[in-house]
Amino acid sequence: MFADSTVQAIISAIGGDHSCHLLPYIDFELIGRNPKIFVGSSDITVLNVAIWKKTGLTTFNGPALLPDFAEWPRMFNYTKESFLRAVGQATPIGVVAPSTEFTDEYLDWGRGLDRERARILRPNPGWTWLREGRGEGPLIGGCLESLQHLRGTPYWPKWDGAVFFFESSGEPPETLDAILMDYENMGVWEEVSGVIAGRPYRYTDEQTRRFHDVLSERTRKYRFPVIADMDFGHTAPQFTIPIGSRARIDSASCGFEILEAAVREG
């Protein structure tokens, strides 16, 4: 699809756990010669980050075909508008605001429950500032469990000044605590300029509180700003994040703002 000049965008069908198997077979030089929109999340984090690292091509942590574009009875407006804003105009995305509602309800596709009714939306209480402040840098990240596949490989990114974004497919707070401790041991927290975390998937209120405590504890030695419960990841709707584009976190003014255009004309 990268080699096909008639294809303008590649949107993943769904996630999984085996994108890492593709890495030895990808022609990154071909991708670099044929830049185009590449979008996905969850396991597609592996490809998003690897393509960006090897080619410099901005990739997009965003909606997938089956769980997002095929939402019944229609795609969520917040997801659609954010996606089009990111990939459809050669201007900076600008300030990103929280959605007014969200859902993490699971309706079993195999039993056809997703075609019986729309998922139930709940009011969104907004994002949670775990540490205020200001930070600016390129956006790097994705699904935390998927990023683990890249550690110790040529596809692992450099974190100098990055705004690190991450979310989880529903791993318990204790598991995320261990992974985030790995990041501390690897020195990642010493390099990043800010952290934004997606809303946890299907957490209870108590699990959410424990996750907030975990993220606060793991980053307490550092001064960069931290926002949790943001609208990306495995809950819906979600905003699209261009990997490599410069962003700013500022608790005193904009909140969260993407400063660079992710696509160019033509």
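**Group meeting: a walk through a predicted model**

M1 touches V7, I10 and K36, leaving aside residues up to four places away in sequence. That is where I will start. Before going on, please keep in mind that this is a predicted model.

M1 is found in the segment before β1. With a relative accessibility of 65%, M1 counts as exposed. Its C-alpha atom and that of I31 are separated by 9.5 Å, with the two positions 30 residues apart along the chain.

The next residue I want to show is F2, and it brings us to the aromatic rings. How many aromatic pairs does a search of the whole structure find? The search finds 18. A pair of aromatic rings is described by the distance of the centres and the angle of the planes. F2 and F38 form one such pair, with 6.1 Å from centre to centre and 25° between the planes, and this pair is stacked. F2 sits in the segment before β1, which covers residues 9-11, while F38 belongs to strand β2, residues 37-40. The two are 36 residues apart, and the pair links distant parts of the chain. F2 is buried, at a relative accessible area of 10%. F38 is buried too, at 8%.

Another stacked pair is F164 with Y183: the ring centres are 5.2 Å apart and the planes meet at 10°. F164 lies in strand β9, residues 163-167, and Y183 in helix α6, residues 173-186, so this pair ties together parts that are 19 residues apart in sequence. The relative accessible area of F164 is 0%, which makes it buried. For Y183 the value is 0% and the residue is likewise buried.

F164 and Y183 also belong to a cluster linked by ring pairs, together with W156, W159, F166, W189, F211, Y222 and F224. One member, F224, has the charged end of R131 over its ring, 5.9 Å from the ring centre. There is a second arrangement of this kind elsewhere: the charged end of R199 sits over the ring of F102, 4.1 Å from its centre.

Now the helices. The axes of α6 and helix α7, residues 205-218, come within 10 Å and cross at roughly 10°. Are these helices roughly parallel or roughly antiparallel to each other? Angles under 35 degrees count as roughly parallel, and α6 and α7 are therefore roughly parallel. On the α6 side, the contact is made by P173, E174, L176, D177, L180, M181 and E184. On the α7 side, the residues are Q207, R210, F211, V214, L215 and R218. F211 is the residue we met in the ring cluster.

Helix α2, residues 45-55, is mostly covered, with eight of its eleven residues buried. Those buried residues are T45, V46, L47, N48, V49, A50, I51 and W52. What do they pack against? Their partners are α1 (28-33), β2, β3 (59-61), β8 (134-143), α5 (144-147) and β12 (241-243). Strand β2 is the one that holds F38. After α2 comes G56, with a positive phi near 80°.

On to cysteines. A disulfide is a covalent bond between the sulfur atoms of two cysteines. A search of the whole structure finds zero disulfides. C20 is in none, and its nearest cysteine sulfur, in C143, is 12 Å away. Why is C143 not bonded to C20? Because the 12 Å from the sulfur of C143 to that of C20, its closest cysteine sulfur, is too far for a bond. C20 is partly exposed, at 23% relative accessible area, whereas C143 is buried, at 2%.

Last, some backbone details. Most residues other than glycine have a negative phi, and most peptide bonds are trans. A cis peptide bond joins W72 and P73, with omega about 5°. P73 lies in the loop between α3 (65-69) and α4 (77-87). The bond from A236 to P237 is also cis, with omega near -5°. P237 is in the loop between β11 (226-230) and β12.

As for phi, R202 has a positive value near 60° without being a glycine. R202 is placed in the loop between β10 (194-198) and α7, and it is partly exposed, at 49%. D229 is not a glycine either, yet its phi is positive, about 65°. This residue is in strand β11. D229 is buried, with a relative accessible area of 9%.

Notes
Residues numbered from 1 in each chain as written. Predicted model: local features only at pLDDT ≥ 70, side-chain atom pairs only at ≥ 80, totals over all residues. Heavy atoms only, no water. Phe/Tyr/Trp six-rings, centres within 6.5 Å; stacked < 30°, edge-to-face > 60°. Helix = DSSP H or I, 4+ residues; strand = E, 2+ residues; numbered from the N terminus. Buried < 20%, exposed > 50% of the residue type's maximum accessible area, 1.4 Å probe, protein only. Lys NZ or Arg CZ within 6 Å of the ring centre and 35° of its normal. Disulfide = S-S within 2.5 Å. Axes fitted to C-alpha atoms, helices over the stretch in contact; angles between N-to-C directions. Parallel < 35°, antiparallel > 145°, perpendicular 65-115°, else oblique. Contact = heavy atoms within 4.5 Å.
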